[in-house]
Amino acid sequence: MSLVLFQNTILEDETVLLRPLLESDVENLMEISINEPETWKYSLVQANGKENLEKYIQIALKAKENGVEFPFIVFDKKSGKYAGSTRFYDINLEFKTLQLGYTWYGGAFRGTGLNKHCKFLLLQFAFETLGVERVEFRADNNNERSIAAMKSIGCKVEGVLRNHMPTLGSDARRDSIILSILRNEWFDDVKENLKRKL
């Protein structure tokens, strides 16, 4: 199985559309990038300001080229606006695992239910089309909003990697929390529970 499987994948429902991220999407995400720099507070790779956003997209597309990541841009159908970005990364189809993250949305799209729609489509694709056994999520252990969002879609906490990564512009290192959903959990109850919340 290879990434060619989903080179042009578009995932959508009545609320959201996820399509492959393009270099030209700098224009579509610029408003959030310039006006909401706090969006990347917990991120090592910042996308605030035009230059950082361009770099962010280039890094994502290079990783896609190398077959280890697949970035999407998120379009909110209700408002008719681009809401942010998310991606599969650390993709290992031989081991049937991947991570889901690098997820961010503009302030207007947080708490609207958009994230649950995105996660449903992405998890359904990962487990039911790609056939993975495990989807992993990571976050800064201080990022309460992100951790709460992951738990609310059905992720189970596995533990914390202590002193795991550097933080931007500081000598401090962050602890990273690890969460996951397994294939059997998706089919047993996570899928139905999440569907009810949509």
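How many of the ten residues of β8 are buried? I shall begin with the answer, since it leads us into the fold. Seven of them are buried, so β8 is largely enclosed by the rest of the structure. Please keep in mind throughout that we are looking at a predicted model.

Let me place β8 in its setting. The model contains an open sheet of eight strands, and their order is β1-β2-β3-β4-β5-β6-β8-β7, with mixed pairing. At the edges of this sheet are β1, residues 11-12, and β7, residues 156-166, each of which pairs on one side only. As a reminder for those new to the subject, strands of a sheet pair through backbone hydrogen bonds, and the pairing may be parallel or antiparallel.

Let us now go through several of these pairings, starting with β8. Seven bridges join β8 to β6, and these two strands run antiparallel. Within this pairing, you can find Glu-136 opposite Ser-180 in β8. With β7, too, β8 pairs in the antiparallel sense, over seven bridges. Here Val-157 stands opposite Leu-179 in β8. The hairpin that β7 and β8 form has six residues between the strands, and in it Gly-169 takes a positive phi near 65°.

Moving to the other neighbour of β6, we come to β5. The strands β5 and β6 pair in the parallel sense, over three bridges. The residue facing Gln-99 across this pairing is Glu-136 in β6. Glu-136 thus appears twice in our account: it stands opposite Ser-180 in β8, and Gln-99 stands opposite it.

Next comes the pairing of β4 and β5, which is antiparallel and has six bridges. As an example, the bridge partner of Ser-85 is Trp-104 in β5. Four residues lie between the strands of this hairpin, and Lys-96 there has a positive phi near 60°. Lys-96 is not a glycine, yet it has that positive phi. It is situated in the loop between β4 and β5, and at 37% relative accessibility it counts as partly exposed. Strand β4, residues 81-92, is also joined by seven bridges to β3, residues 70-76, and this pair runs antiparallel. There, Phe-72 stands opposite Thr-86 in β4.

What packs on the sheet? Helix α2, residues 50-65, does so, touching β2, β3, β4 and β5, and its direction makes about 130° with that of β3. Helix α3 also packs on the sheet, touching β1, β2, β3, β4, β5, β6 and β8; the direction of α3 makes about 160° with that of β5. Helix α1, residues 26-35, has the buried residues Val-26, Leu-29, Met-30, Ile-32 and Ser-33. These buried residues pack against α2, β3, β4 and β5.

Two individual residues of the helices deserve a closer look. The first topic is His-117, in helix α3, residues 114-129. Is His-117 buried or exposed? Its relative accessible area is 7%, and because the cut-off for buried is under 20%, His-117 counts as buried. Its side chain is joined to that of Asp-13 by a polar contact of 2.7 Å. Apart from neighbours within four places in sequence, His-117 is in contact with Asp-13, Glu-14, Thr-15, Val-16 and Leu-198.

The other residue is Glu-51, in helix α2. Glu-51 has a relative accessible area of 60% and is exposed. Glu-51 and Gly-159 are 108 residues apart in sequence, and their C-alpha atoms are 35 Å apart in space.

I turn finally to the largest pocket, which has a volume of about 1,100 Å³. Its lining comprises 40 residues, and those nearest its centre are Tyr-102, Thr-103, Trp-104, Asn-143 and Ser-146. At least two lining residues come from each of β4, β5, α3, β6, α4 and β7. Which strand gives the most to the lining? It is β5, with seven residues.

One of the residues nearest the centre, Tyr-102, lies in strand β5. Its phi is near 50°, a positive value in a residue other than glycine. With a relative accessible area of 33%, Tyr-102 is partly exposed. Trp-104, also among the residues nearest the pocket centre, is the bridge partner of Ser-85 that we met earlier.

Thank you for your attention.

Methods
Residues are numbered from 1 along each chain as its sequence is written. This is a predicted model: local features need pLDDT of at least 70, side-chain atom pairs count only at pLDDT 80 or more; totals for chains, interfaces and linings use all residues. Side-chain values use heavy atoms; hydrogens and water are left out. Buried means under 20% relative accessible area, exposed over 50%, partly exposed in between (1.4 Å probe, protein chains only). A polar contact is a pair of N or O atoms within 3.5 Å; within protein, one must be able to donate a hydrogen and the other to accept it, and residues adjacent in sequence count only if both atoms are side-chain atoms. Contact means heavy atoms within 4.5 Å. Two strands pair if DSSP finds at least two bridges between them. Axes are lines fitted to C-alpha atoms, for helices over the stretch in contact, and angles run from 0 to 180 degrees between N-to-C directions. On a 1 Å grid over the protein atoms alone, a cavity is a set of points where a 1.4 Å probe fits but cannot get out, and a pocket is an open set with protein on both sides within 12 Å along at least five of seven lines; lining residues have an atom within 4 Å of a point. Grid points are joined across faces, edges and corners, and a volume is the space filled by probe spheres set on the points.
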